[in-house]
Amino acid sequence: MTYPELNRYELMWMLVLFDLPVVEKKERKEAAAFRNFLLDHGFAMVQYSSYTKLLSGKDACEKYYRLIQQNLPPQGKVDIITITDKQYENILSYSACEKLEKKSPQQLLLF
């Protein structure tokens, strides 16, 4: 039995970008709680204030929009960007002026 491959135009990457105040001890605690919330919900850290997660489509994105909104820190700025897996594969990454090879995540089939 063969399984259909997931459509890379339907899979969505959610990018959560944020700039939170961390001057006061309470602010640092709130920022850490928000980062831990993202990690606990399967997001991966790309940079210190940038997290991503691969989702199965727009319905899954809607769920996470609501979940993130319910867990926003009281101060700071949080942006959410969603793009298709096909668009995500075009991201260029550089580190110390060297281009990093972008690897597409492996799709996992469960049967």
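**Fold, core and surface contacts of the predicted chain**

At 35% relative accessibility, Asn 7 counts as partly exposed (buried is under 20% relative accessible area, exposed is over 50%, and partly exposed lies in between, with a 1.4 Å probe and protein chains only). Asn 7 sits in the segment before β1. Its C-alpha atom is separated by 9.7 Å from that of Thr 84, although the two residues are 77 residues apart along the chain. The structure is a predicted model, in which local features need pLDDT of at least 70 and side-chain atom pairs count only at pLDDT 80 or more, while totals for chains, interfaces and linings use all residues. Residues are numbered from 1 along each chain as its sequence is written, and side-chain values use heavy atoms, with hydrogens and water left out.

The protein chain contains 3 helices and 6 strands (DSSP runs numbered from the N terminus; helices are H or I with at least four residues, strands are E with at least two). Along the sequence these elements follow the pattern β-α-β-β-α-β-α-β-β. Of the 111 residues in the protein chain, 27% are buried. Contacts (heavy atoms within 4.5 Å) were also examined by sequence separation. Among contacts between residues at least 6 apart in sequence, 70% join residues at least 24 apart. The accessible surface of the protein chain is about 8400 Å², and 53% of it belongs to carbon and sulfur atoms. These areas come from the Shrake-Rupley method with a 1.4 Å probe; for residues, only the protein chains shown count as cover.

Helix α2 covers residues 58-70 and has 13 residues. The distance from its first C-alpha to its last is 19 Å, close to the 18 Å expected at 1.5 Å a residue (the expected span is 1.5 Å times one less than the number of residues). Ala 60, Cys 61, Tyr 64 and Ile 68 of α2 are buried. Seen down the axis of α2, the buried residues fall within an arc of 100° and so line one face of the helix; the arc is that of the directions from the helix axis to the C-beta atoms. Lys 58, Asp 59, Gln 69 and Gln 70, on the other side of α2, are exposed. The buried residues of α2 pack against β1 (12-19), α1 (25-40), β3 (50-55) and β4 (77-84).

In soluble globular proteins, nonpolar side chains tend to be buried together. The largest nonpolar core of this model has 16 residues. Such a core is a set of buried Ala, Val, Leu, Ile, Met, Phe, Trp, Tyr and Cys residues joined through side-chain atoms within 4.5 Å. Met 14, Val 16, Phe 18, Phe 34, Leu 38, Phe 43 and Ile 68 touch the most other members of the core. Two or more residues are given to this core by each of β1, α1, β3 and α2. With neighbours within four places in sequence left aside, Phe 18 is in contact with Phe 34, Arg 35, Leu 38, Tyr 48, Ser 49, Tyr 51, Lys 77 and Val 78.

Strand β3 includes Ser 50 and Thr 52. Ser 50 is buried, with a relative accessible area of 17%. Not counting residues up to four places away in sequence, Ser 50 touches Val 16, Leu 17, Ala 44 and Met 45. Thr 52 is likewise buried, at a relative accessible area of 7%. On the same sequence criterion, Thr 52 touches Trp 13, Met 14, Leu 15, Gly 42, Phe 43, Ala 44, Val 46 and Tyr 88. Thr 52 and Leu 39 are 13 residues apart in sequence, and their C-alpha atoms are 9.6 Å apart.

Side chains of opposite charge can pair when their charged atoms come close. The model has 2 salt bridges (a side-chain nitrogen of Lys or Arg within 4 Å of a carboxyl oxygen of Asp or Glu). In one, Asp 79 pairs with Lys 77, and the closest N and O atoms are 2.7 Å apart. Asp 79 is partly exposed at 32% relative accessibility, as is Lys 77 at 48%. Glu 89 forms a salt bridge with Lys 86, with the closest N and O atoms 3.1 Å apart. Glu 89 is partly exposed at 28% relative accessibility, and Lys 86 is partly exposed at 29%.

Arg 28 belongs to helix α1 and is partly exposed, with a relative accessible area of 41%. Apart from neighbours within four places in sequence, Arg 28 is in contact with Pro 21, Val 22 and Val 23.
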